[in-house]
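Dear colleague,

I am handing over the structure we spoke about, with the sequence alongside, and my notes follow below. Please keep it open as you read.

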Amino acid sequence: RPPFLKRGDTIGLTATARFLETEKIDEARAIIHQFGFKTKVSPYASIPFHQFGGSDENRATDLQGLLHDPEVKAIFGVRGGYGTVRILDLIDWSILEKQPKWLCGYSDLTALHGRCSCLGIESLHCTMPVNFSGNEKKALDLTFDTLQGTLPHQSWHGNNFDIEGKAEGIIKGGNLSVL
């Protein structure tokens, strides 16, 4: 498990798939700052290259830079779409194994969650900067509370179709088309 964040820590924002407009990145940064964190934005996060945030090499270099940056404690993909799987093999993951940090997002970021799972490193399937300004407060609170180590309590109510018993296994989730 990567270390939990403390107020004042730095969160990196990068485009592993599609780019995000500068105005939306600025909105997301303001929200992150309201939660007490600093931000660092990768150079190609808002620079379009077709639908992507830079070429495959640009996006891989941006992610690699945040993985190696000792100030950055968590990394959010700015948005999903398509493209993360194209850069997986361009990344040197050994730094993440030595110094785990939270990789956060959903949609196409499922590819990063899968890589983290293979490495035995926890990651966070959560809302992304593209949605921050439209998210309910509860969704943002849950995301940033979890990053700080306040893990949610979850319970589910059964129904008449449930079968009593015990089960054991590993639960994996994410975007089904990426899985």
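To begin with an acidic residue, in what is a predicted model: D9 is buried and yet has no salt bridge, since the nearest side chain of opposite charge, that of K6, is 4.3 Å away, whereas a salt bridge would need the nitrogen and the carboxyl oxygen to be within 4 Å. K6 does meet D9 in another way, for the backbone nitrogen of K6 lies 2.7 Å from a polar atom of the D9 side chain. D9 itself sits in the segment before β1 (10-14), and, if neighbours within four places in sequence are set aside, the residues in contact with D9 are F4, F37, K38 and K73.

The second point concerns the largest pocket, which holds about 820 Å³ of space. Its lining is made up of 24 residues, of which E122, S123, L124, H125 and I171 are the closest to the centre. At least two lining residues are supplied by each of α4 (110-119), β7 (124-125) and α6 (137-147), and the largest share, 4 residues, comes from α4.

That helix deserves a look of its own. The buried residues of α4 are T110, A111, L112, H113 and C116, and what covers them includes α2 (56-68), α3 (94-98), β6 (102-105) and β7, so that β7 appears both in this cover and in the lining of the pocket. Just after α4, G120 takes a positive phi of about 75°.

With best wishes

Definitions and conventions:
Residues numbered from 1 in each chain as written. Predicted model: local features only at pLDDT ≥ 70, side-chain atom pairs only at ≥ 80, totals over all residues. Heavy atoms only, no water. Buried < 20%, exposed > 50% of the residue type's maximum accessible area, 1.4 Å probe, protein only. Lys, Arg positive; Asp, Glu negative; His and termini not counted. Polar contact = N/O pair within 3.5 Å; in protein donor to acceptor, adjacent residues only side chain to side chain. Contact = heavy atoms within 4.5 Å. 1 Å grid on protein atoms, 1.4 Å probe; cavity = no way out; pocket = protein on both sides within 12 Å on 5 of 7 lines; lining within 4 Å. Points joined across faces, edges and corners; volume = space filled by probe spheres on them.
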